[in-house]
Every structure is written in C-alpha cells, then in structure tokens.
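User: Could you zoom in on one part of this model for me and tell me what is going on there? After that, follow whatever threads lead outward from it.

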Amino acid sequence: MSTLPQCPSCSSEFTYEDGEMYICPECANEWSKLTTADDGADQKSDVLDSNGNILRDGDTVTVIKDLKIKGSSSVVKVGTKVKNIRLVEGDHDIDCKIDGIGAMQLKSIFVKKM
C-alpha cells in the first residue's frame with residue numbers, strides 16, 4: 001500500500017495522485033508533489049515578478065503601473081527603476097529605496113525584473 005501525504009489544508013487522509021499533483025477530494029485542495037518532497041526543510045517560497053521571473057535580493061526591477069503612495073500626493077510612475085531590492089515576508093514582498101521618494105515597500109506583482 002502506498003503512503004500518500006495528508007492534505008495540508010484539512011488533514012484528510014483520502015488524497016490521491018493526478019499526474020504531478022496531489023488532490024484532496026474533501027476540500028478540493030491541489031498541491032505539487034515537489035512541495036511535499038521538501039516537508040522536513042524550511043520552505044521559503046520564491047517571490048515572482050509580474051512576468052513570473054524569480055526575484056532575488058539585490059535585483060533591479062522596473063515598476064509596471066503608476067502606484068499612489070498612501071498618505072501622500074506623490075506617485076511612483078511607470079518605468080521607475082528600483083535598484084538593489086530586498087525581499088521580505090508579508091503582504092508587500094519588496095523593501096527598497098526609490099530615488100526622490102525614499103524607503104518603500106512594494107508588491108512583487110507591480111514590478112518586472114530587468
């Protein structure tokens with residue numbers, strides 16, 4: 001008898017395989033077999049830009065959308081180049097310093113890697 005992993009969402013033991021995925025019939029959760037292979041290791045998910053490229057600390061990115069700055073009348077314009085980013089955990093994935101504006105946090109979905 002094969003030992004399939006329990007569902008990470010609902011802990012159901014009735015999971016099954018479908019190609020490269022595991023599926024839970026009780027909560028409809030799907031997850032990759034690759035994710036399960038690293039159960040013992042610390043899992044730090046990759047941060048992706050708007051095009052699906054993996055971002056790393058120190059990368060240079062470009063803003064793809066005008067971003068209003070909360071509590072200010074300033075705007076980060078499309079095409080603004082942001083150098084030497086730092087990846088962080090949380091809602092906003094990127095800590096950076098933008099020339100003329102200062103320290104900011106950005107979401108990775110609003111930038112593309114250069």
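Analyst: Let's start with the sulfur of cysteine 7: the closest cysteine sulfur, in cysteine 27, is 3.6 Å away, too far for a bond. A disulfide is called when two cysteine sulfur atoms lie within 2.5 Å, and the whole structure has zero of them. Cysteine 10 isn't in a disulfide either; its nearest cysteine sulfur belongs to cysteine 24, 3.6 Å off. For background, a disulfide is a covalent bond between the sulfur atoms of two cysteines. Cysteine 7 is buried at 3% relative accessibility, whereas cysteine 10 is partly exposed at 33% (buried is under 20% relative accessible area, exposed over 50%, partly exposed in between, with a 1.4 Å probe and protein chains only).

Some ground rules before going on. This is a predicted model, so local features need pLDDT of at least 70 and side-chain atom pairs count only at pLDDT 80 or more, while totals for chains, interfaces and linings use all residues. Residues are numbered from 1 along each chain as its sequence is written, and side-chain values use heavy atoms, with hydrogens and water left out. On confidence (pLDDT, the predictor's score for each residue, from 0 to 100), the chain has a mean of 86, and 89% of its residues reach 70 or more. The low spot is α1 at a mean of 63, and the high spot is β6 at 96. Those names come from DSSP runs, numbered from the N terminus: helices are H or I with at least four residues, strands are E with at least two.

Now for the sheets. β1, β2 and β3 make an open three-stranded sheet in that order, with antiparallel pairing (two strands pair if DSSP finds at least two bridges between them). β1 (16–18) and β3 (30–32) each have a single partner strand, so each edge has one side without a neighbour in the sheet. From one strand to the next, the twist averages 35°, using axes fitted as lines to C-alpha atoms (for helices, over the stretch in contact) and angles from 0 to 180 degrees between N-to-C directions. β1 and β2 (residues 21–23) are joined by three bridges, and one of these partnerships puts glutamate 17 with tyrosine 22 in β2.

Tyrosine 22 turns up again in the aromatics. The structure holds one aromatic pair, and tyrosine 22 makes it with tryptophan 31: the centres are 5.8 Å apart and the planes 40° apart, which counts as tilted. The rule covers rings of Phe, Tyr and Trp (its six-membered ring) with centres within 6.5 Å; planes under 30 degrees apart are stacked, over 60 edge-to-face, and the rest tilted. Both tyrosine 22 and tryptophan 31 are buried.

Further along, β11 (residues 94–98) has four of its five residues buried, so the rest of the structure largely encloses this strand. β11 pairs antiparallel with β10 (residues 86–87) through two bridges, and leucine 87 sits opposite isoleucine 94. That hairpin has six residues between its strands, and glycine 90 in the turn has a positive phi of about 125°. β11 also runs antiparallel to β12 (residues 102–106), with five bridges, including aspartate 95 opposite glutamine 105. Here three residues separate the strands, and glycine 100 in the turn has a positive phi of about 85°.

Aspartate 95 has a second role, in a salt bridge with arginine 86 at 2.7 Å, N to O. The cut-off is a side-chain nitrogen of Lys or Arg within 4 Å of a carboxyl oxygen of Asp or Glu. Aspartate 95 is buried at 17%, but arginine 86 is partly exposed at 47%. In total, four salt bridges turn up. Another joins aspartate 59 to lysine 113, with closest N and O atoms 3.4 Å apart. Aspartate 59 is in the loop between β5 and β6 and lysine 113 is in β13 (residues 111–113), so the pair ties together parts 54 residues apart in sequence. Aspartate 59 is buried at 14%, and lysine 113 is partly exposed at 32%.

Finally, β13 belongs to another open sheet of three strands, ordered β9-β6-β13 with antiparallel pairing. β9 (81–82) and β13 are its edges, each with a single partner strand. β6 and β9 share two bridges, and threonine 62 has lysine 81 in β9 as its bridge partner.
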